[in-house]
Amino acid sequence: MYETLLLKQSEIKQLIEMNEVIESVETAYSMHANRRVQMPAKKYLFFKKYHGDLRIMPCFVKDMDQAGVKCVNVHPSNPLDHDLPTVMGVIELFDPKTGFPISVMDGTWITNMRTGAAAGVGTKYLARSDSTSLGIIGAGKQAFTQLMALKEVMNIENAQVFCRTCKSRENFAKLANERFGINVKAVETAEIAVKDVDVIVTVTPANKPILKAEWISEGTHINAMGADAPGKQELESALLKKSKVFIDCWEQARHSGEINVPVAEGILTREDISAKIGDVIIGKNPGRVSDEDITIFDSTGLAVQDVITAWKVYEKALERGIGSNINFLD
C-alpha cells in the first residue's frame with residue numbers, strides 16, 4: 001500500500017542539525033553548477049492588498065533521483081497583525097518513478113535553516129579565512145539561523161546586530177548570548193553594526209538600500225539574504241559596483257535577488273557578476289582572490305536546496321520511525 005509520510009515542524013527539528021543542512025546546501029549548489037538539476041525559476045503570486053506573496057519552487061535532482069516542490073509565503077506584517085511567522089512553507093516530495101507524493105512536511109523550519117546554511121556556505125568560500133567579527137542587519141527568525149550557520153564556518157569572537165525595533169535587536173542579542181555563548185551586542189544604527197567587521201549578513205524585507213558603500217571596509221564579505229522579490233534591495237548599487245558579486249542563479253537573481261534593481265536600471269549586467277557560488281565550490285571559477293576584495297553573495301534561495309535538505313529529513317524520519325502516514329488514494 002502506498003502511503004505518504006507527514007512531518008510536523010516539531011518532528012523535523014529532531015531530525016536535522018545545522019551542520020547537516022550546510023552539507024545539503026553545498027551539495028545542492030554543486031549539483032546545480034554541474035547541471036544535474038531540472039529547476040525552473042521560482043514563480044510568484046502577489047497578494048498586493050495584503051502586502052504578501054506566495055512562491056512555488058519545483059525541482060528534480062537527476063543523479064540523486066529526488067523530486068519535490070515547495071510552496072512558501074512571505075508576509076512581513078504577519079507577526080504583528082496575525083501572530084504568524086513572516087515566512088511559512090510546505091514541502092512535498094515525490095517518487096520520480098511514479099509521481100506518488102511520498103512525503104508532505106512543514107517547510108518553514110527547513111526554509112529558515114537552509115537560508116542560514118546558504119550564508120554559511122557563502123562565508124566558507126568567500127570570506128577571509130581569519131574572519132572573526134560579524135555584523136547582522138535584521139533580527140528575525142532567519143537572522144537567528146544565519147548566526148547558527150555562521151558559527152559553524154567561522155570563529156565568531158564578537159558580533160553586532162541592528163534592526164529598526166529596539167526590543168527585537170536586544171532580545172536577539174540576549175538569546176544569541178544565552179544559546180551560543182557568543183558576544184552579540186545590540187546597536188543603534190546599521191552603520192555601527194557593519195563598521196570594521198569581517199563578515200556581514202543582511203536579512204530584511206527592505207525596498208530601499210540600508211547598507212551604504214562608504215561604510216564597508218576592504219576585505220569584508222557580505223551575505224545579502226533579504227532581497228527575494230522584484231523591487232527589494234538591501235545594498236546600495238555603488239557597493240555592488242565596487243565589489244566582487246557572486247550569485248546562486250542568474251535567472252532568479254536578476255529577477256528578484258539583491259541585484260534585481262541595479263540590473264533593471266542598467267547599473268549592473270551579467271558581465272559584472274564574478275561567478276555562481278556553485279561554480280566556486282566545484283572549482284570552475286575563483287572566489288576571493290585577495291584579502292582586500294569586498295565579496296558579496298546574493299542568495300535568492302533555490303528549490304534544490306529545499307529538496308535535498310527535505311529528502312535528508314525524510315530518510316532520517318523513516319530510519320527513526322518519526323511522523324505519521326496517510327493514504328491520499330484511500
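**Charges, rings and a few odd backbone angles**

Okay, let's start with arginine 128, which counts as buried because its relative accessibility is 16%, under the 20% cut-off. Keep in mind that this is a predicted model. What does the arginine 128 side chain meet in a salt bridge? The partner is aspartate 130, at 3.2 Å from N to O. Aspartate 130 comes out as partly exposed, with 48% relative accessibility, so this bridge joins a buried residue to a partly exposed one.

How many salt bridges do we get? The count comes to 14. In general, side chains of opposite charge can pair when their charged atoms come close.

The next one I'd like you to look at is aspartate 306 with lysine 70, where the N to O distance is 3.0 Å. Aspartate 306 sits in helix α12, residues 303–320, and lysine 70 in strand β5, residues 66–74. The two are 236 residues apart, so we have a link between distant parts of the chain. Now, are these residues buried or exposed? Aspartate 306 is at 1% relative accessibility, so it counts as buried. Lysine 70 is buried too, at 2%.

Then there's a bridge between lysine 151 and glutamate 152, at 3.6 Å from N to O. Here lysine 151 has 34% relative accessibility and counts as partly exposed, and glutamate 152, with 39%, is also partly exposed.

And if you'd rather look at a network, salt bridges link Asp53, Arg55, Asp228 and Lys232.

Moving on to the surface: Arg35, Arg254, Arg270 and Lys284 form a positive patch. Lysine 284 from that patch is in the loop between α11, which is 277–281, and β15, which is 295–298. It has a relative accessibility of 57%, so lysine 284 counts as exposed; the cut-off there is over 50%.

Right, aromatics. How many aromatic pairs turn up in a search of the whole structure? Six. One of them is tyrosine 44 with phenylalanine 46, which is stacked, with the centres 5.4 Å apart and 5 degrees between the planes. Tyrosine 44 is buried at 13%, whereas phenylalanine 46 is partly exposed at 43%.

Compare that with phenylalanine 144 and phenylalanine 172: the ring centres are 5.9 Å apart and the planes are at 80 degrees, so we call this pair edge-to-face. Phenylalanine 144 is in helix α5, residues 141–153, and phenylalanine 172 is in helix α6, residues 166–180, so the pair ties together parts 28 residues apart in sequence. Both of these phenylalanines are buried. Add Phe180 to Phe144 and Phe172 and you have one aromatic cluster.

Last bit, for anyone who likes Ramachandran plots. Which residue other than glycine has a positive phi near 55 degrees? That's histidine 51, in the loop between β3 (43–47) and β4 (52–61). Histidine 51 counts as exposed because its relative accessibility is 61%. Aspartate 196 has a positive phi as well, about 60 degrees, and is not a glycine either. You'll find aspartate 196 in the loop between α7 (190–194) and β11 (199–202). With 54% relative accessibility, aspartate 196 is exposed. So for both histidine 51 and aspartate 196 we have a positive phi in an exposed residue.

That's all from me, thanks.

Terms used. Residues numbered from 1 in each chain as written. Predicted model: local features only at pLDDT ≥ 70, side-chain atom pairs only at ≥ 80, totals over all residues. Heavy atoms only, no water. Patch = residues over 30% accessible without salt bridge, like charges linked within 9 Å, V, L, I, M, F, W, Y side chains within 5 Å. Areas by Shrake-Rupley, 256 points an atom, 1.4 Å probe, with all protein chains shown as cover. Salt bridge = Lys/Arg side-chain N within 4 Å of Asp/Glu carboxyl O. Lys, Arg positive; Asp, Glu negative; His and termini not counted. Charge placed at Lys NZ, Arg CZ, Asp CG, Glu CD. Helix = DSSP H or I, 4+ residues; strand = E, 2+ residues; numbered from the N terminus. Buried < 20%, exposed > 50% of the residue type's maximum accessible area, 1.4 Å probe, protein only. Phe/Tyr/Trp six-rings, centres within 6.5 Å; stacked < 30°, edge-to-face > 60°.
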